[in-house]
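Student: Could you walk me through this one before I head back to the bench?
Tutor: Gladly; let us have it in front of us while we talk.

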Amino acid sequence: MNASVIALDRLLDERRVWKGQPQNPPSSSQPSGHSRLDAALPSGGWPEAALSEILLPSGGWPEAALSEILLPRPGLGELHLLWPTLARLSQAGERLVLIAPPFLPYAPAWQVAGIDLHCLEIVRANEEDALWAAEQCLRSGSCGAVLCWPRQVSDRALRRLQVAAETGQTLGFVYRPASAAHNPSPAALRLLLEGPAQVRVLKCRGGLAPARAIAL
């Protein structure tokens, strides 16, 4: 008798298995800072690592995973979406790394958002080096969050970033064009920005994506 082993995450992603969730979302160790978005996500915030994927030497479980933010064009509030999280992390002294951002960050706006600029680092790199740098920063465990803007990225590269984020217990965010929504992704969470204050959840590990867009 032949039998095949299929990963549970794959079945959930393909919606072949339904996973119930509590009526009230749990209190996440990594809230997004947007109450409506947190309420819609199974973890109550940014996704945490799957318990079945990796165990740290210390015996604790990883607390972060990779999220994709898809947008039709730059300037739809993609930074505003993360500023509450980045402000919280920087105020706790965590390092924030931006890898190959398409535009030079406007420092006064980041300060107004509550982000400590002393914790902000920018890495300029070409496409190949940017993905390598993102993986190393995520895996190092020395950063609170890593943001990257790859122009082209393969499924294999995304999977490496996903594993690196969970290994280093680091929040990872990958900005990609909205056209990438048609392709599968190993990221634990996929969000599509539909406007400056509206986001649609395309995929969330551990539950079904809400049918409607969320106003932030």
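What follows is a conversation about the fold, the cores and one strand of this protein.

Student: How far can I trust it, and what is the average pLDDT of the protein?
Tutor: This is a predicted model, and the protein averages a pLDDT of 85, with 80% of the residues scoring at least 70. Over residues 51-62, however, the pLDDT is below 50, and beyond near neighbours in sequence that stretch has 18 contacts in the model.

Student: OK, so how many helices and strands are there?
Tutor: The protein has six helices and eight strands, and along the sequence they follow the pattern α-α-β-α-β-α-β-α-β-α-β-β-β-β.

Student: And what share of the residues count as buried?
Tutor: Of the 216 residues, 46% count as buried, while the protein exposes about 11,600 Å², of which carbon and sulfur atoms supply 53%.

Student: Which residues have the most contacts inside the largest nonpolar core?
Tutor: That core has 31 residues, and those with the most contacts inside it are Leu37, Trp46, Leu82, Leu86, Leu147 and Val201. At least two residues each come from several elements, including strand S1 (66-71), helix H3 (83-91), strand S2 (96-99) and strand S4 (145-148), and H3 gives the most, with four residues.

Student: What does Leu82 touch, if I ignore its neighbours within four places in sequence?
Tutor: With those set aside, Leu82 is in contact with Trp46, Ile69, Leu147, Phe173 and Tyr175. Apart from this core lies another, of 21 residues, among them Leu131, Ala133, Leu161 and Ala187.

Student: Why would such side chains gather like that?
Tutor: As a general matter, in soluble globular proteins nonpolar side chains tend to be buried together.

Student: Switching to S2: which of its residues are buried on each side?
Tutor: Both faces of S2 are covered, since Leu96 and Leu98 on one side and Val97 and Ile99 on the other are all buried.

Student: And how does S2 pair with S3, parallel or antiparallel?
Tutor: S2 and strand S3 (residues 120-123) run parallel and are joined by four bridges, with Val123 in S3 as the bridge partner of Ile99. Together with helix H4 (residues 107-112), S2 and S3 make a right-handed β-α-β unit.

Student: What about S4, and which residue there stands opposite Leu98?
Tutor: S4 also pairs with S2 in the parallel sense, over four bridges, and Leu98 stands opposite Leu147, a residue already mentioned as a contact of Leu82.

Methods
Residues numbered from 1 in each chain as written. Heavy atoms only, no water. Core = buried A, V, L, I, M, F, W, Y, C linked by side-chain atoms within 4.5 Å. Buried < 20%, exposed > 50% of the residue type's maximum accessible area, 1.4 Å probe, protein only. Contact = heavy atoms within 4.5 Å. pLDDT = per-residue confidence, 0-100. Areas by Shrake-Rupley, 256 points an atom, 1.4 Å probe, with all protein chains shown as cover. Pairing = 2+ DSSP bridges. Right-handed = clockwise from strand over helix to strand, strands pointing away.
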